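Colleague: I would like to go through this model with you, one question at a time. Please give the reasoning before the result.

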There are 2 protein chains.
Amino acid sequence: MPKATFSKIAPEKRRRVLRQAARLFAERGYAATDMAELAERCGVAKGSIYNYFESKEDLYYYVCLDGLERSRRAVYGEGEPTRDIYQLVQQIFERGMVFAEDHPEYVALYLGVAAGPAGPLADEISLQVEQFTAELLKQTIRRGMAEGIVRRDLDVNLAAFLINSLYIIFVSSLVSRHFKLRMKQYLEIEGRVTAAAAREQVRRTIDMIGDILRPRVPQE
Amino acid sequence: MPKATFSKIAPEKRRRVLRQAARLFAERGYAATDMAELAERCGVAKGSIYNYFESKEDLYYYVCLDGLERSRRAVYGEGEPTRDIYQLVQQIFERGMVFAEDHPEYVALYLGVAAGPAGPLADEISLQVEQFTAELLKQTIRRGMAEGIVRRDLDVNLAAFLINSLYIIFVSSLVSRHFKLRMKQYLEIEGRVTAAAAREQVRRTIDMIGDILRPRVPQE
DNA sequence: TTGTGATGACTGACTGACCAGTCACCGAAT
DNA sequence: ATTCGGTGACTGGTCAGTCAGTCATCACAA
């Protein structure tokens, strides 16, 4: 956690430090990030960073937590009305993609933490990311079943897992060099992976998810 | 690439070096891996490692390539008979899971490379991983369509992408601390994520994938 | 208004630890 | 005696974290 000083400096400087730290950690990974370079990018002295945070690890930890909170807010807002599962899936994917475009550094940070025990981030924190989404997806699917708009012979947990898995892949594909190339290759996208192109694929994916969730009706 | 010496040492030692290097890189990440510690784990002197490889980067690069090749062989074997898409999906998931259990270090390595530009691995290499699977999936889906066992109103590329995405998530869930916790949470698995438990979920996922691929037939 | 002292953010040269890569030497095998 | 793999102390560079000192600001007294 930051030292008291960090809350007393100019907000603009505070934002700059967090933003640059997120970028650098995302870009290089924890171990390869140099505190002197970070200080330079922030436009403050190295010593100042150590006035704000206990250590490199402390800073990393806080930047990750901050990123989690931002992404949660970006996707779910503050206590907005609950929706049915089809709307919820669309909301998660759409807002998630926008967040990944605006703040790729936080998504990359998540990937870095997920990739290995490299990060000094504790397991509980690691779970907080998913907790909220997992519960919301499951509840909403169950409600959909009760209302008859979702197939009843469906494994709720697995369905929620698959939806979130695809979300993670799509978001990663906007951010990680490797996943971006992978997406281009599979989807045979020419040139840059534009937000528009990705969103078109997301639209189709959402349709497929809908196909899985919707009750089967006799056809023609 | 390794120096000539590396091909002349005892095969047992060669294997040990590659295995321990893969483990350590997977565990710590590239930057945080210490060559002295690696040497110790391999039971050779640090200087010896530098008799085998040009540099740390050279070793990392080679270990990754080696891992790719191993996983390709583990999943696809050597020119085995082509199967239909349902069998292919099952083969990829089943053998992939076995490989991930036997060699979690290589999967973790893949995740580390995918996570960020952290690794010094070039983009082309990064693509080689997916190339083969992508092509095979797409071709097999197309063949399925021609044979009438796969829905014709399906985006082939997207279907292949989704199948492979789910595969990546499952394999990662056996290997990465974070993804493992995530899977436990979503699927409400108690205790350790056993291979058996994971495989049961994979079976159901394969069923769902089948559901997406199979032509719709009028029901009751 | 000016002088004075206290507070606390800011600074960057410095230290000590760590680590990639080297090299002069060793010893076994031929 | 030559070749070649093995060895680990050593070097030069890097980097997290420190600290002695600076400076801007503010409160208050003269």
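Modeller: This is a predicted model. Let us begin with DNA strand C, which is surrounded by 19 residues, the closest being Ala45(A), Gly47(A), Met35(B), Gly47(B) and Lys56(B).

Colleague: Which element supplies the largest share of the surface near DNA strand C?

Modeller: The elements that give two or more residues to this surface are H3 of chain A and, from chain B, H3 and helix H2 (35-42). The largest share is 4 residues, and the element that supplies them is H3(A).

Colleague: How do the residues of the surface near DNA strand C divide into nonpolar, polar and charged?

Modeller: Among the closest residues to strand C are Met35(B), Gly47(B) and Lys56(B). Met counts as nonpolar, Gly as polar and Lys as charged. Sorted in this way, the surface near DNA strand C has 6 nonpolar, 7 polar and 6 charged residues.

Colleague: Now to the other strand. Which element gives the largest share of the surface near DNA strand D?

Modeller: There are 19 residues around DNA strand D, and those that come nearest are Met35(A), Gly47(A), Lys56(A), Ala45(B) and Gly47(B). At least two residues each come from helix H2 (35-42) and helix H3 (46-52) of chain A, and from helix H3 (46-52) of chain B. The largest share, 4 residues, is that of H3(B).

Colleague: How are the two protein chains related by rotation, and what is the turn?

Modeller: Chain B can be laid on chain A with an RMSD of 0.1 Å, and the shift along the axis is 0.0 Å, with a turn of 180°. The copies are thus related as by a two-fold rotation axis.

Colleague: Why can one say that the copies meet through the same surface?

Modeller: The contact takes 50 residues from chain A and 50 residues from chain B. The copies meet through the same surface because the share of interface residues of chain B that are also interface residues in chain A is 100%.

Colleague: Which helix contributes the largest share of the side of chain B that touches chain A?

Modeller: The contact takes 50 residues from chain B. Two or more residues on that side come from each of helix H1 (11-28), helix H6 (104-115), helix H7 (123-147), helix H8 (156-175), helix H9 (177-187) and helix H10 (195-213) of chain B. By class, the side has 24 nonpolar, 14 polar and 12 charged residues. The largest share, 9 residues, comes from H8(B).

Colleague: Take Lys46(A). Is the residue buried, partly exposed or exposed?

Modeller: Lys46(A) lies in helix H3 of chain A, and beyond four places in sequence it touches Met35(A), Ala36(A) and Ala39(A). A residue is buried with 20 or more other C-beta atoms within 10 Å, and exposed with 12 or fewer. Lys46(A) has 14, so the residue is partly exposed.

Colleague: What percentage of the residues in chain A is buried?

Modeller: Chain A has 10 helices and 0 strands, and its C-alpha trace spans about 70 × 40 × 30 Å along its principal axes. Of its 220 residues, the buried ones make up 39%.

Colleague: What percentage of the contacts in chain A with a separation of 6 or more is between residues 24 or more positions apart?

Modeller: Read along the sequence, the pattern of chain A is α-α-α-α-α-α-α-α-α-α. Among contacts with a separation of 6 or more, the part due to residues 24 or more positions apart is 68%.

Methods
Residues numbered from 1 in each chain as written. Chains lettered and ligands numbered in written order. Predicted model: local features only at pLDDT ≥ 70, side-chain atom pairs only at ≥ 80, totals over all residues. Least-squares fit on C-alpha atoms with pLDDT ≥ 70 in both. Contact = placed C-beta atoms within 7 Å. Near = placed C-beta within 6 Å.
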